[in-house]
Every structure is written in C-alpha cells, then in structure tokens.
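Here are my notes on the model you sent over. Have it open beside you while you read.

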Amino acid sequence: MAHPNSLMRAKPVLLSIILSLSVSSAALTTTAPPTTENAGSDPTPAPWPLQFHALLFMNYSGALSLIDLWYDWPGGRNFNIIRDQLDGPPFYDLEWTNGTSFFYTLDSPRSCRSAQLDVGILRPNWLDGATYLGQQTVDGFLCNVWTKVDFIWYYEDVITKRPVQWVFYTGRAAHVMIYEEGAVLEDDKWQAPVYCFQKEEDESPEHQSTISEIMDLKRSSTFLRGI
Ligand SMILES: *[C@@H]1O[C@H](CO)[C@@H](O)[C@H](O)[C@H]1NC(C)=O
Ligand SMILES: *[C@@H]1O[C@H](CO)[C@@H](O)[C@H](O)[C@H]1NC(C)=O
C-alpha cells in the first residue's frame, strides 16, 4: 500500500474520497495527513470464535426470553434454543449453512417447519467493516460500540473483547449472560426430529409469529452473511 504522504501529494482527490469513505471521524477532522497510527485508530470488533456457546437474555419491547446460542462455523451450523418467559418447553431454531432452517418443538404438541434462505450462517468476520460509534457503558460494562448498516448495534467489552449486548433495528436486544469460547454442542443434539422430514409439515400456530419474526431478521440479515 502507498504511504499516505505520497498518496496525498500524487492524488489529493483520491485521498479526500478515501477519507470521506473512512469511518474514522478523527481522520476527517485532522488537518495533517493521517499517519499509519491514527488512520487505524478506530477499534475493530473481535471476530467471533469459530465455535462458542452464549446464553442470551432477550428483551423485545418487554417480552423476555432466554436463548442458548450455539455457533459452529466449522460444522456449518447455528442453533438458537429459545425459551419464552414462563412459557413451557423450548422452541428450536436450527440453521444450516446451506440456507435451511428448521423450526421445531420436541415436546407435545410437536411441530416442525423448515424455511430456506439463499445464504448460509453468519461468518466469524461478519462484523468486518462495521462503523465505530465510540464507547458506552451497557449492563455495567464499558463497551466499544459499532453498527453495521443500521441493522445491528454491537457492544463489546473494552477490556475482555467479549460481546456484552447487541440490538437489532427492530429493538430486539440480546444481553450476553454467559459466553463460552470453543464450546461445542454434542452432534446428536443437532439432529432435527424425524417429523421435520415428513410430508405434511405442521404449522404450529402458537409459534407462527416467532417464526415470522426470526425469518424476517434472517432475510434482512442476508447482506451480513455473504461477505
Ligand atoms: C425491556 O425493555 C424495555 C424497553 O423496550 C424496558 O422498558 C424494560 O425495562 C426492559 N426489561 C428488562 C427486564 O430489562
Ligand atoms: C441442508 O443441510 C441439512 C443438514 O445436513 C439437511 O437436513 C437439509 O436437508 C439440507 N438442505 C438442503 C436444501 O439441501
């Protein structure tokens, strides 16, 4: 890459374009040409570990739930095990990197629905290119904050680099209660039940709105997935 000084002498227009595309407000307000040091001064989010387990406390306009999130990039799979507050057995959202999601219950009344996206699960580097917004204390932790195209706001602990919270544009907030890097769920837990593969798929009405909302989020997040 060209040294910033030679770049500025040779191509002032190009440099101003580069600066205006830059997410660094420091680079925009400084009059001196950026040095390598301050040009890269905005913190960047830690990539997701290739495999992890997180327990998420969710709040969607006051509707509370717990989600066990099992992210497994090498396995090409992602699992959300969702428990709405005081609402019985969990609801499973199992997603494969070929774009197939299975939504099911294992307890009575048993139901399963599948859905198809064009793209697979989030890549570990899906936060690359996020816009840095500065620091904020959330849930009692001092965090660096980024947004990715006004779709998600992501809060990462300044010291430990662990995610503390993320908030979708819908207002759905995830507070990270447990974060276990490298944790992997046993293979047999990833098996969708046999009734997911039978002809008549059960349209469990009580989970219809949850499925619609999750699918809306997945559809509108496809631009985060292909990168
Ligand atoms: C959930 O979020 C709402 C705002 O949407 C807030 O008023 C409420 O206090 C939150 N509840 C909990 C338990 O965090
Ligand atoms: C995607 O992969 C899962 C798990 O192997 C499989 O059950 C599903 O049928 C696949 N979907 C497609 C469209 O091939």
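**Notes on the fold and the ligand site**

1. Start with the inventory: the chain's secondary structure adds up to 6 helices and 11 strands. Keep in mind as you go that this is a predicted model.

2. The strands come together as one open sheet of 11 strands, with antiparallel pairing. Reading across the sheet, the order is E6-E5-E4-E3-E2-E1-E11-E10-E9-E8-E7. Which strands sit at the edges? They are E6 (111-116) and E7 (131-138), each of which pairs on one side only. From one strand to the next, the twist averages 20 degrees. As a reminder, strands of a sheet pair through backbone hydrogen bonds, in either a parallel or an antiparallel way.

3. Now to the pair E1 and E2. Strand E1 covers residues 51-60 and strand E2 covers residues 63-72; the two run antiparallel and are joined by 10 bridges. If you want landmarks for the register, Leu55 faces Asp68 in E2, and Phe57 is opposite Leu66 in E2.

4. The turn between those two strands is worth a look. E1 and E2 make a hairpin with 2 residues between them, and Ser61 in that turn has a positive phi of about 50 degrees.

5. Ser61 comes up again at the ligand: the residues around ligand 1 are Asn59, Ser61, Gly62 and Leu64. What is the make-up of this shell by class? The count is 1 nonpolar and 3 polar residues, with no charged ones.

6. On to the next pairing, where E2 meets strand E3 (residues 77-84). These two are antiparallel as well, with 8 bridges between them. One position to click on is Ser65, whose bridge partner in E3 is Asp84. E2 and E3 also form a hairpin, this one with 4 residues between the strands, and Gly76 there adopts a positive phi near 60 degrees.

7. Finally, two figures for the chain as a whole. How much of the chain counts as buried? The share is 19% of the 227 residues, where buried means that 20 or more other C-beta atoms lie within 10 Å of a residue's own. As for contacts between residues at least 6 apart in sequence, 45% of them join residues at least 24 apart.

Conventions
Residues numbered from 1 in each chain as written. Chains lettered and ligands numbered in written order. Predicted model: local features only at pLDDT ≥ 70, side-chain atom pairs only at ≥ 80, totals over all residues. Near = placed C-beta within 6 Å. Nonpolar A, V, L, I, M, F, W, Y, C, P; charged D, E, K, R; others polar. Pairing = 2+ DSSP bridges. Axes fitted to C-alpha atoms, helices over the stretch in contact; angles between N-to-C directions. Buried ≥ 20, exposed ≤ 12 C-beta atoms within 10 Å, placed from the backbone. Contact = placed C-beta atoms within 7 Å.
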